[in-house]
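Here are some notes to read alongside the structure. Please keep the sequence open while going through the points.

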Amino acid sequence: MDIIKSMAVKNLCYITGKKMTPQGIIVHSTGANNPYLKRYVDCPSEVGVNEYDNHWNTAKPDGRSVCVHAFIGYDKNNKVRIAEILPLDICAWGVGWGINGSYNYSPAYIQFEICEDDLTGKTYYRKAFDLAVKYCVMLCKMYGIPVDNIKSHREAHIEGYGSNHGDPEHWMKKFGETMDDFRKKVSKSLNSSEKDDAKTFSSCEIQRGMLVSLTPDAVYYNNKKVPEWVKAQNWYVKDIPIGDRAVIDDNESRNLSICSAINIKYLKAVKK
């Protein structure tokens, strides 16, 4: 998927860097008539120059302690794209707090904003929300997130895990859609892509549920070193590999779980 990567390294949320394992996804919309990524993302080469310098690559954007993982909006060429500004394994400061806690932390959700226009442009709305569906499909596959755990900011508040906002349903209803419709689209696309993955990788040596060993030169998918104690054990593959990416989870004894992404070239099937 075509994703701009431009980390908001000056944002206090990024600096705090509280680690998390994503349990769900929060869909936000910005609440401002500005569909351009440059308003929020500090990446002039991809999104254009923010002449006001009020993007979110600052300690407190607009004087607030806020940050989300990604934005969807127009790049500098008026193409609707995704731009990630926070690592997906770091807690966002996006949904606020409710009477039961916050989806920022417990449980922690990946959060992204869809940049709003004046809420009347059907073409932009369709492109932005269709891309949001594709992004959710990718995230669900990456982290094993159930589709039911995709929430709006409004739903997070109703459930007691977010502040009192109405996004993005206030925008969606103008085009006759709801979050249930959104989740149905994600579910349909996810089911279709899983069937395609199964066909694509049916001839691949590494399959879901297979017990594998790691090669001595193995590194994780993010290029971080794999500890020797991990390489010394055999692991079960979680889910169908996507491209060259697999996830190893339980060890052979089923008493450890690491849920770590790794290139399939570092895996070998264990024959028993």
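**Notes on the predicted model**

1. This is a predicted model. Its largest pocket is lined by 38 residues, and those nearest the centre of the pocket are Leu88, Met142, Tyr143, Arg245 and Ala261. Five elements each give two or more residues to this lining: strand S1 (3-5), helix H3 (122-143), strand S8 (235-242), strand S9 (245-251) and strand S10 (257-263). The greatest share comes from H3, which gives 5 residues.

2. The space in the largest pocket comes to about 1,400 Å³. Sorted by class, its lining holds 21 nonpolar, 10 charged and 7 polar residues.

3. The second largest pocket has a volume of about 430 Å³. Its lining is made of 25 residues, with Trp56, Arg64, Val66, Glu113 and His165 nearest the centre. Here the classes are 11 polar, 9 nonpolar and 5 charged residues.

4. Next, one charged residue. Glu84 belongs to strand S4, which covers residues 80-84. Is Glu84 buried or exposed? Glu84 has a relative accessible area of 3%, and the limit for buried is under 20%, so Glu84 counts as buried. The side chain of Glu84 has a polar contact with the side chain of Lys5, at 2.7 Å. Leaving aside residues up to four places away in sequence, Glu84 touches Ile3, Ile4, Lys5, Ser6, Met7, His69, Ala70 and Tyr135.

5. Now the aromatic rings. A search of the whole structure gives 16 aromatic pairs. One of them joins Tyr40 and Phe71: the centres are 4.7 Å apart, the planes are at 10°, and the pair is stacked. This pair links distant parts of the chain, as Tyr40 sits in the loop between strand S2 (24-29) and helix H2 (44-47), while Phe71 is in strand S3 (residues 70-74), 31 residues apart. Both Tyr40 and Phe71 are buried.

6. Why is the pair of Trp229 and Trp235 edge-to-face? The ring centres of Trp229 and Trp235 are 6.4 Å apart and the planes meet at 65°. Centres within 6.5 Å make a pair, and planes over 60 degrees apart count as edge-to-face, so Trp229 and Trp235 meet both limits. Trp229 is partly exposed, because its relative accessible area is 46% and that class lies between 20% and 50%. Trp235 has 0% relative accessibility and therefore counts as buried.

7. Ring pairs also build a cluster, whose members are Tyr36, Tyr74, Tyr124, Tyr125, Phe129, Trp171, Phe175 and Phe182.

8. The last residue to look at is Ile262, in strand S10. Ile262 counts as buried because its relative accessibility is 0%. How many residues apart in sequence are Ile262 and Val219? They are 43 residues apart in sequence, yet their C-alpha atoms are 6.9 Å apart in space. Val219 is also among the residues that Ile262 touches. Not counting residues up to four places away in sequence, the others are Leu214, Ala218, Tyr220, Tyr221, Val226, Asp244, Arg245, Ala246, Ile248 and Leu267. Of these, Arg245 has come up before, as one of the residues nearest the centre of the largest pocket.

Conventions
Residues numbered from 1 in each chain as written. Predicted model: local features only at pLDDT ≥ 70, side-chain atom pairs only at ≥ 80, totals over all residues. Heavy atoms only, no water. Helix = DSSP H or I, 4+ residues; strand = E, 2+ residues; numbered from the N terminus. Buried < 20%, exposed > 50% of the residue type's maximum accessible area, 1.4 Å probe, protein only. Polar contact = N/O pair within 3.5 Å; in protein donor to acceptor, adjacent residues only side chain to side chain. Contact = heavy atoms within 4.5 Å. 1 Å grid on protein atoms, 1.4 Å probe; cavity = no way out; pocket = protein on both sides within 12 Å on 5 of 7 lines; lining within 4 Å. Points joined across faces, edges and corners; volume = space filled by probe spheres on them. Nonpolar A, V, L, I, M, F, W, Y, C, P; charged D, E, K, R; others polar. Phe/Tyr/Trp six-rings, centres within 6.5 Å; stacked < 30°, edge-to-face > 60°.
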